[in-house]
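Welcome to a small set of exercises, each with a worked solution. Have a look at the sequence and the structure, then work through the tasks at your own pace.

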Amino acid sequence: MVRRRWWVVGLALAFMAFGGVWGTQVFGALTTEGFEDPASESSRSVVRAEETLGRSGNDLVVLYRSPTATVDDPAFRAAVTQTLAALPKDDVTATVTYWSTNSPGLVSHDRRATYAVLTLAGADETERGEALERVESGLAAPGLETRVGGITAVSRDIRERVAADIALAETISIPVLLALLVLVFGSVAAASLPLAIGGLAILGAFTALRAMSYVTDVSVFSVNLVTILGLGLAIDYGLFMVGRFREEIAHGAGVEDAVARTMATAGRTVAVSGVTVAVSLAGLLIFPMTFLRSMGLGGLSAVLVAMVAALTVLPALLAILGRRVDALSVRRRRPSTRGVEHGFWYRLAHSIMRRPVLYAVGVLAVLLLAGAPFLRVQFGGIDPRVLPEGTESRVVTETVDRDFVQNSQLPIEAIVTAPDPADLERYVAAVRAVDGVATADVTGRAGEVFRVTVTYASDPISAQTRDLVADIRAVPPPAGGEVLVGGLTARLADQLDAVADRLPWMALIIVGATFLLLFLAFGSLVLPVKAILMNVLSLGASFGALVLIFQDGHLSGLLNFTSTGTLEATQPILVLAVVFGLSMDYEVFLMSRIREEYDRTGDNPQAVAVGLQRSGRIITSAALLILVVIGLFSISGITFIKLIGVALLIAVLVDATIVRALLVPATMRLLGTANWWAPAPLRRFYERHGFRESDDAPVPVAVKVP
């Protein structure tokens, strides 16, 4: 990289230009759907209905209201029906109104409002969104207040809000990050390096996502994660490698030797960290939901591009800058004449290790108390309340739920195959008899296939309604027939089942791969177990806070969101993968310096103190900078994006402070030399194949646990 630095930088600039032109067009190819399991009963019911009964859905719900007239007024009827009749048939394939069905559910309780349900042309969400753009201006009825909602409108509003939030977050975060980076690095030249790597990571991930969109659906929400991880990990890797490069220069090494030594030490740590974070995110790929798989694909892309850029472009830039890495300094850098024992982190480590039981018990008590609320978590789904109050599509849903027959937009739908009509009647009667069912009626037929629409009184995303779905599914099907139960609540129930089914496998993949990587990095069987347990504690504290904030609604006014009394089920899974990866990032940074010192001296307390002194400032600085990125995403107008931002902010803050700075030194002191224990065969394997920071460092005498 040093000898070919100009070629490397030139290729990187060309790649950034390509990503800026082609990769950023990914926004037009993303979907807001993908929270359901495509192999579930609810998904199969949609496929069966579309194949036999034709596609019908509340793509658009157009709400019409008059301040004075009722739906019985001929002028009201004419205004609505003539407006809808004028819509292009190529874009609107079906229209359902009160006057075409005489359904009382389509009229408000005061009879001054009605809504029409429109089915749009288009094979997918993107095509239906384009149809919405073409017909939206023609939906307004003369003399009536008109509002547009429905699935397609909600999806459009979410997609536009996500794009606006990203633009706002990046507009604010880049200047703030640059200012903080200059303060942390002490010079403009050094501060620009992580931003360059971050830009490469984000544009590279956008390019990868656009390529993937040609072969699979990609969720629009993955771009939020790409931005967080791209910038965050670029900052982490930049801090670690630039700091090591400065150390080597300060010790008198030439530029090329300093870069080579940086790569052999910090570069190896970055490689281990990048692979560890990637493994955590790869656990998301086993889930069938497009949302989680997209997050895994986007996160993997950002992590791998950031890691590769840090191991190729960053050393080339360091070689170009050389000793000018401190150019445009904002503070005078004077070589310290004092040893590490005078540093803040060194003194803190020894202070903690003098009272390890007190610190360990105290921190554990705080973390367990913080995580306790998660024991009463209630999982739910996504509805229009994820949008900010006042958004038109959300207002339509809330108005219909308040002023019309409840759940008329979100019924449970059973697609029933019944060879004998008498058996169908018996089935419908049995469904009506299920406790919690308000009405059950046949609303569509094609040969032997029928649509049975079921209404109910409870919240569609509540556990009570999910139990109702289970009870309806337990009703025996007609003789020789089949029943597929779908609808929003059924999709949520199936989603929760899919998450519960695959979560243990995700945990096994992440824990097993992380354990292996940490053993290869540090040569111990104890340290990986301890690191995994500490990550669980950090996650527990974050999840406990999510229940208090988003489920219980505390701080909803400050954070400007509407609590539904539940947590959307896929969000904790995503947070788990990201937090586990970021926590291991900090663990690898800290333990690599501790291991390096322990290899040199064999003194466990001294290694902990020196390792914390050399990495503590880097870890806290990296955490501060990534908190800026995450914190800005926590102000998103989309509730579950806000949830992800708040969860990551709390987890990173907890992990980089009380876990790494307090709990790690305390437990390292309590375990003593047992920290480095491994059976003799594994110890020999590590000495031969391990990812040590320094190949020329001596390996201490084998450690045996009494």
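A strand is a DSSP run of E with at least two residues, and strands are numbered from the N terminus. Please keep in mind that the model is predicted.

**Exercise 1. Place arginine 451 in the chain, and decide whether arginine 451 is buried or exposed.**

Solution.
- Step 1: Find the element. Arginine 451 sits in strand 8, which covers residues 449-456.
- Step 2: Recall the cut-off. Buried means under 20% relative accessible area.
- Step 3: Apply the cut-off. The relative accessibility of arginine 451 is 10%, so arginine 451 counts as buried.
- Step 4: List the surroundings. Leaving aside neighbours within four places in sequence, arginine 451 is in contact with several residues, among them Ala49, Leu53, Glu413, Asp441 and Gly444.

**Exercise 2. Describe the phi angle and the exposure of asparagine 102 and of arginine 111.**

Solution.
- Step 1: Start from the general rule. Most residues other than glycine have a negative phi.
- Step 2: Look at the angles. Asparagine 102 has a phi near 60 degrees, a positive value in a residue other than glycine. Arginine 111 has a positive phi of about 65 degrees, although arginine 111 is not a glycine.
- Step 3: Locate the residues. Asparagine 102 is in the loop between helix 4 (98-101) and strand 3 (113-120). Arginine 111 lies in the loop between helix 4 and strand 3 as well.
- Step 4: Judge the exposure. With a relative accessible area of 59%, asparagine 102 is exposed. Arginine 111, at 31%, is partly exposed.

**Exercise 3. How do helix 17 and helix 19 cross, and which residues make the contact?**

Solution.
- Step 1: Know what to look for. Two packed helices are described by the angle between their axes and the distance between the axes.
- Step 2: Read off both values. The axes of helix 17 (residues 526-551) and helix 19 (residues 570-601) come within 9 Å and cross at roughly 135 degrees.
- Step 3: Name the arrangement. That angle makes helix 17 oblique to helix 19.
- Step 4: Add the handedness. Helix 17 passes helix 19 in a right-handed crossing.
- Step 5: Find the residues. Helix 17 contributes Leu527, Ala531, Ile532, Asn535, Leu539, Ser542 and Phe543. On helix 19, the residues in the contact include Pro572, Val575, Phe580, Ser583 and Glu587.
- Step 6: Sort by class. The contact of helix 17 with helix 19 has twelve nonpolar, three polar and one charged residues.

**Exercise 4. Work out how helix 19 lies against helix 21.**

Solution.
- Step 1: Take the geometry. The axes of helix 19 and helix 21 (residues 639-671) come within 9 Å and cross at roughly 30 degrees.
- Step 2: Use the cut-off. Angles under 35 degrees count as roughly parallel, so helix 19 is roughly parallel to helix 21.
- Step 3: Add the handedness. The crossing of helix 19 and helix 21 is right-handed.
- Step 4: Look at the residues. Helix 19 residues including Leu574, Val578, Leu582 and Tyr586 meet helix 21 residues including Phe640, Ile644, Leu648 and Asp655.
- Step 5: Sort by class. The contact of helix 19 with helix 21 has 19 nonpolar, two polar and three charged residues.

**Exercise 5. Compare the axis directions of helix 9 and helix 16.**

Solution.
- Step 1: Take the geometry. Helix 9 (residues 255-282) and helix 16 (residues 488-522) have axes that come within 9 Å and cross at roughly 170 degrees.
- Step 2: Name the arrangement. Helix 9 and helix 16 are therefore roughly antiparallel to each other.
- Step 3: Find the residues. Val272, Val275, Thr276, Val279 and Ser280 of helix 9 meet helix 16 residues, among them Ile509, Ala513 and Leu517.
- Step 4: Sort by class. The contact of helix 9 with helix 16 holds eight nonpolar, three polar and no charged residues.

**Exercise 6. Follow leucine 574 and phenylalanine 291 into the interior.**

Solution.
- Step 1: Find the core. The largest nonpolar core has 164 residues, and Leu574 is one of those with the most contacts inside it.
- Step 2: List partners. Beyond its neighbours within four places in sequence, leucine 574 is in contact with Leu225, Leu284, Phe291, Leu292, Met295 and Ile644.
- Step 3: Turn to one partner. Phenylalanine 291 lies in helix 10 (residues 290-321) and is buried, with a relative accessible area of 0%.
- Step 4: Compare sequence and space. Phenylalanine 291 and serine 219 are 72 residues apart in sequence and 5.4 Å apart in space, C-alpha to C-alpha.

Definitions and conventions:
Residues are numbered from 1 along each chain as its sequence is written. This is a predicted model: local features need pLDDT of at least 70, side-chain atom pairs count only at pLDDT 80 or more; totals for chains, interfaces and linings use all residues. Side-chain values use heavy atoms; hydrogens and water are left out. Axes are lines fitted to C-alpha atoms, for helices over the stretch in contact, and angles run from 0 to 180 degrees between N-to-C directions. Helices (H or I, at least four residues) and strands (E, at least two) are DSSP runs, numbered from the N terminus. Angles under 35 degrees count as roughly parallel, over 145 as roughly antiparallel, 65 to 115 as roughly perpendicular and the rest as oblique. A crossing is left-handed if the near helix is turned anticlockwise from the far one by less than a right angle, and right-handed if clockwise. Contact means heavy atoms within 4.5 Å. Ala, Val, Leu, Ile, Met, Phe, Trp, Tyr, Cys and Pro count as nonpolar, Asp, Glu, Lys and Arg as charged, and the others, Gly among them, as polar. A nonpolar core is a set of buried Ala, Val, Leu, Ile, Met, Phe, Trp, Tyr and Cys residues joined through side-chain atoms within 4.5 Å. Buried means under 20% relative accessible area, exposed over 50%, partly exposed in between (1.4 Å probe, protein chains only).
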